[in-house]
Amino acid sequence: MENAQSGDSGPLVVARDVGVRRGERWIVRHVDLEVQRGALVYLIGANGAGKSTFAKALLGLIEIDEGAVERAPLLEMGYVPQRLPVSPTLPLTLRRLVTLTGRFAERDIDAALAAVGLQRLGDPPVTTLSGGELQRLLLARALIHRPGLLVLDEPDQGVDLAGAERFHELIEEIRRDLGCGVLLVSHDLKRAMETGDDMVVLVPHEHDAPVDRTAGVGPAAPGPGGGPRG
């Protein structure tokens, strides 16, 4: 596949003191993050720390309640969700799923599938794919846009150890070939320390005061909810 467009020399995306709440509860708060071109940044945290919520806020899929997110002009972003439930009654094939987000030339579809090693499968129903094959298919769907920023939400969840290892190798190959930045949501602190260029750790915010509807946002507990690794 062709390299992602480079644009200017600044960061792809910058989050400053970002917070997202649901009702009276903060899901994430005080998070700072920056992804440069070609960098692999891990977003680490336990269940309930708000990793998926923050990733969607970074992509602009949900609104933030505090702080700011700045994206490079004309930045193309690719997103691989944690899971994609597919109804067994839905007649969705492999190639059709790749093109759900737009019209693409056959050569571009072939290139995206080849990049993730799925071109050999033909065009079977999505419901017949293994967990690892489905995750690679979702990756192909993101790659067909030739993103400058690739966001992956726990892409190895539900995949066996060998499949997970191969998937991470694939991410490295794509990062090298496209020159894109990668934000990878994960629980794997060891892998993040060994392979990441940077890391942001999220902690749950149950300790934050409830939102005061009469005075705006309630006071934050001392200390940040996330930040770059020193």
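This briefing describes the sheets, helices, nonpolar cores and selected loop residues of the structure above. The model is predicted. Two open sheets are described: three strands in the order β2-β1-β4 with antiparallel pairing, and five strands in the order β5-β6-β7-β3-β8 with parallel pairing. The largest nonpolar core has 35 residues, and another core, of 28 residues, lies apart from it.

**The antiparallel sheet**

- The order of this open sheet is β2-β1-β4, and its three strands pair in the antiparallel sense.
- Strands β2 (25-35) and β4 (66-71) are at the edges; each has a single partner strand, so one side of each is left without a neighbour in the sheet.
- From one strand to the next, the twist averages 25°.
- Strand β1 (residues 13-22) runs antiparallel to β4 and is joined to it by five bridges.
- Within this pairing, Val 14 has Glu 70 of β4 as its bridge partner.
- Helix α1 (residues 51-59) lies across β1, β2 and β4, and its direction is at about 125° to that of β1.

**The parallel sheet**

- Five strands make up this open sheet, in the order β5-β6-β7-β3-β8, and their pairing is parallel.
- The edge positions belong to β5 (77-80) and β8 (198-201); each has a single partner strand, so one side of each is left without a neighbour in the sheet.
- On average, neighbouring strands here are turned by 15° against each other, direction ignored.
- Five bridges connect β3 and β7 in the parallel sense, and Leu 43 stands opposite Val 185 in β7.
- Helix α4 packs on this sheet, where it touches β5 and β6; the direction of α4 makes about 165° with that of β5.

**Nonpolar cores**

- In the largest core, of 35 residues, those with the most contacts inside it are Leu 113, Leu 137, Leu 139, Leu 150, Leu 152, Ile 174 and Val 182.
- At least two residues of this core come from each of β3 (40-44), α2 (94-98), α3 (106-115), α4 (131-143), β6 (149-153), α5 (161-178) and β7 (181-186).
- Helix α4 supplies the largest share of this core, with seven residues.
- Ile 174 touches Leu 139, Leu 143, Leu 150, Gly 179 and Cys 180, when residues up to four places away in sequence are not counted.
- The core of 28 residues, which lies apart from the largest one, includes Val 31, Val 69, Val 151 and Val 185.

**Helix α5**

- The 18 residues of α5 should span 26 Å at 1.5 Å a residue, and the end C-alpha atoms are 26 Å apart, which agrees.
- Its buried residues are Ala 164, Phe 167, His 168, Leu 170, Ile 171, Ile 174, Arg 175 and Leu 178.
- These residues are on the same side of α5, because they cover an arc of only 155° around the axis.
- An α-helix has 3.6 residues a turn, so residues three or four places apart point the same way.
- The buried residues of α5 pack against β3, α3, α4, β6, β7 and α6 (189-195).
- On the face of α5 turned away from the buried side are the exposed residues Leu 161, Ala 162 and Arg 176.
- Gly 179 follows α5 and has a positive phi, near 70°.

**Helix α3**

- Asp 108, Ile 109, Ala 112 and Leu 113 are buried in α3.
- They cover an arc of only 130° around the axis, which puts them on the same side of α3.
- The buried residues of α3 pack against α2 and α4.
- Gly 117, just after α3, takes a positive phi of about 75°.

**Loop residues with positive phi**

- Arg 146 is not a glycine, yet its phi is positive, at about 50°.
- This residue, Arg 146, is in the loop between α4 and β6; with 25% relative accessibility, Arg 146 counts as partly exposed.
- Glu 154, also not a glycine, has a positive phi of about 45°.
- Glu 154 is found in the loop between β6 and α5; with a relative accessible area of 8%, Glu 154 is buried, since buried means under 20% relative accessible area.

Methods. Residues are numbered from 1 along each chain as its sequence is written. This is a predicted model: local features need pLDDT of at least 70, side-chain atom pairs count only at pLDDT 80 or more; totals for chains, interfaces and linings use all residues. Side-chain values use heavy atoms; hydrogens and water are left out. Two strands pair if DSSP finds at least two bridges between them. Helices (H or I, at least four residues) and strands (E, at least two) are DSSP runs, numbered from the N terminus. Axes are lines fitted to C-alpha atoms, for helices over the stretch in contact, and angles run from 0 to 180 degrees between N-to-C directions. Contact means heavy atoms within 4.5 Å. A nonpolar core is a set of buried Ala, Val, Leu, Ile, Met, Phe, Trp, Tyr and Cys residues joined through side-chain atoms within 4.5 Å. Buried means under 20% relative accessible area, exposed over 50%, partly exposed in between (1.4 Å probe, protein chains only). The expected span of a helix is 1.5 Å times one less than its number of residues. The arc is that of the directions from the helix axis to the C-beta atoms.
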